[in-house]
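Colleague: I have a few questions about how the labels on this model were earned. Could you walk me through the reasoning?

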Amino acid sequence: MQRDPYEVLGVGREADAGQIKKAFRGLARELHPDVNTDDPEAETKFKECAEAYEILSDADRRATYDRYGHDGLRSGGYSPNFDAFGSISDIFESFFGGGGRQGGPASGGDVATAIELDLKQAATGGAFDVSYEAVDRCDHCKGNGAEPGTPIETCARCGGAGRLQAVTRTPFGQMMRTIACDVCDGDGRTASSPCHDCRGRGRRLGRRKVSIQVPAGIADGQRIRIGEKGHVGEPGAPAGDLHVVVSVAADDRFIREDDDLITIVDISAPRAALGATVEVPTLDGPTQLDVEPGTQPGEVLTLRGRGMPHLRRGGSGDLRIVVNVVIPRHLSKDQRRLYDQLAGTMTHENLHSDESVFAKLKRALRPHAA
C-alpha cells in the first residue's frame, strides 16, 4: 500500500511549493544511500521520498491526488518509474544541482554538526576541533569504484555515452527525455570488479576531525560555515560545506544580554551603608570593586568594556553589577542592641530615596544601563 505523499514528506496539505521543496531537500540528504551505507532499506526509503516529491511538486498531479488519491494518478496515466529517472544517485544529484554527468560532475552535499563552548571560550574564540561523519573518497579504490588492479570498462548499457533515452508516461501522454545511465551513473564506464570496500560507489562514509576558527564574542545558536569540508563531490567537483552550530553553555555567574554581562554581588546592610570594597567575578577572573557609602539595594554598578567582545567590530560590551544588599538574620543580643541604637537615630534624610526598587530593577535589566 502506497503511503500518503504528504505523510512521507512530513508536510501539511496546505503546504506551498517552497515548503514541499524544503522538506524534500532535508529528507533527501538524510536518506541518501551514500550516507546510509549500513541501511539496506536506504534506497527504498529514498525512492519513496522522491516519488512523494514527484507528485506534490507538480500542480496538476497534486490536484489529481488531492481529489482521487493514488487511484486517480494511476487512472490518469501517471506511474512513477524510477528506472526512467536513472540511478538513485541521479535523483539526488539532479535535485541538488549536480544533475549527474549530463551537466558535469556533481558537487558534494553540505554537512551540519555542533560544538559546545563555555562562556569564556566564546569570549576568547580560537581554534577548536570538531568531529563529524561525512562521505569521503574511498581510499581502497581511490574513488574509481574498482578493485585495485582490475580494469574499468566501457559501460555495456549506454555504450560509453553515459546517457540514455527514456520514455515516461504522464497525464499528458508520453515524454521522451535524456537521463544519466542507471548502470554507470553517467560516467560511461563501469568496474569489471567493483571495490569491496565501497561496493563500487567510489565513496564511503567516514569520520573526520577538523579544526575550526571560532570568532571571539560568538553567541549561542550562531553558525560557522567552512567551505568544502562537507560530503565529497564526484571527481572534478567540489565538496559540500560544513556548517557548525555553536552552543554556548550557561554560566552560573553571568546573564548575557547581547554583548553585556550581568552579575549580582551580595553586600551586608552595614557595609552598603558605610561603603566597602567587594570582589566581583569577571571573564578574566575576580576583581575588586569599590561600593560607595549609601549604596541601595538593586543599584547597578558598571565596569565598561568588561563584557563580551563585539563580534563584528572592535571593543566589548559592559559588565553590569547589581548590588544585592543582604539584611542580616539570627542577630545576637549585642547585634540587636546595636541595631536598636542605630534605628533610633535614623531620620528622613537617612531613609529617603529618589528611586524605587522597581525602577532600579528595570534599569538593571535595560541594555547599557548607566
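**How the labels are earned**

Modeller: Happily, and let's begin with confidence: among the elements of the protein, helix H5 (residues 82-85) has the lowest mean pLDDT, 38, while helix H7 (residues 119-124) has the highest, 97. This is a predicted model, with an average pLDDT of 83 and 83% of the residues scoring at least 70.

Colleague: What makes residues 81-102 a stretch to treat with care?

Modeller: Over residues 81-102 pLDDT stays under 50, although the model has 63 contacts there beyond four places in sequence. Where pLDDT is low, the predicted coordinates should not be read in detail.

Colleague: Fair enough. What is the overall make-up of the protein in helices and strands?

Modeller: There are eleven helices and 15 strands. Of the 370 residues, 40% count as buried. Residues 24 or more positions apart account for 65% of the contacts with a separation of 6 or more.

Colleague: Which residues touch the most other members of the largest nonpolar core?

Modeller: Ile 115, Val 130, Ile 212, Ile 267 and Ile 321 do, in a core of 37 residues. Apart from that one lies another core of 20 residues, among them Phe 24, Cys 49, Ala 52 and Leu 56. As for Ile 212, its contacts outside four places in sequence include Ile 115, Phe 128, Val 130 and Val 244.

Colleague: Why is the pair Asp 284 and Lys 120 called a salt bridge?

Modeller: The N to O distance between their side chains is 3.4 Å. The cut-off is 4 Å, so the pair of Asp 284 and Lys 120 qualifies. The two sit 164 residues apart, with Asp 284 in the loop between strand E12 (276-280) and strand E13 (287-291) and Lys 120 in helix H7.

Colleague: Why is Asp 284 called exposed, and why is Lys 120 called partly exposed?

Modeller: Asp 284 has a relative accessible area of 62%, and exposed means over 50%, so the label fits Asp 284. Lys 120 has 33%, which falls between the 20% and 50% limits, so Lys 120 is partly exposed.

Colleague: How do you know that Glu 257 and Arg 320 form a salt bridge?

Modeller: Their closest N and O atoms are 2.7 Å apart, and the limit is 4 Å, so they count as a salt bridge. The pair links strand E10 (residues 255-257) with strand E15 (residues 319-326), 63 residues apart. Arg 320 has 1% relative accessibility, and buried means under 20%, so Arg 320 is buried. Glu 257, at 22%, is partly exposed. A search of the whole structure finds 16 salt bridges.

Colleague: What makes the phi of Lys 142 worth a remark?

Modeller: Phi of Lys 142 is near 60°, a positive value in a residue other than glycine. Most residues other than glycine have a negative phi. Lys 142 lies in the loop between strand E2 (126-137) and strand E3 (152-154). Arg 199 also has a phi near 60°, and lies in the loop between strand E6 (189-191) and strand E7 (203-214).

Colleague: Last one: which residues make the nonpolar surface patch?

Modeller: Tyr 339, Leu 342, Met 346 and Leu 351 make a patch of about 370 Å². Leu 342 is in helix H9 (residues 333-345). Its relative accessible area is 44%, and patch residues need over 30%, so Leu 342 passes that test.

Terms used: Residues are numbered from 1 along each chain as its sequence is written. This is a predicted model: local features need pLDDT of at least 70, side-chain atom pairs count only at pLDDT 80 or more; totals for chains, interfaces and linings use all residues. Side-chain values use heavy atoms; hydrogens and water are left out. Patches are made of residues with over 30% relative accessible area and no salt bridge: like charges are joined within 9 Å, nonpolar side chains (Val, Leu, Ile, Met, Phe, Trp, Tyr) within 5 Å. Accessible areas come from the Shrake-Rupley method with a 1.4 Å probe; for residues, only the protein chains shown count as cover. Helices (H or I, at least four residues) and strands (E, at least two) are DSSP runs, numbered from the N terminus. Buried means under 20% relative accessible area, exposed over 50%, partly exposed in between (1.4 Å probe, protein chains only). A nonpolar core is a set of buried Ala, Val, Leu, Ile, Met, Phe, Trp, Tyr and Cys residues joined through side-chain atoms within 4.5 Å. Contact means heavy atoms within 4.5 Å. pLDDT is the predictor's confidence in each residue, from 0 to 100.
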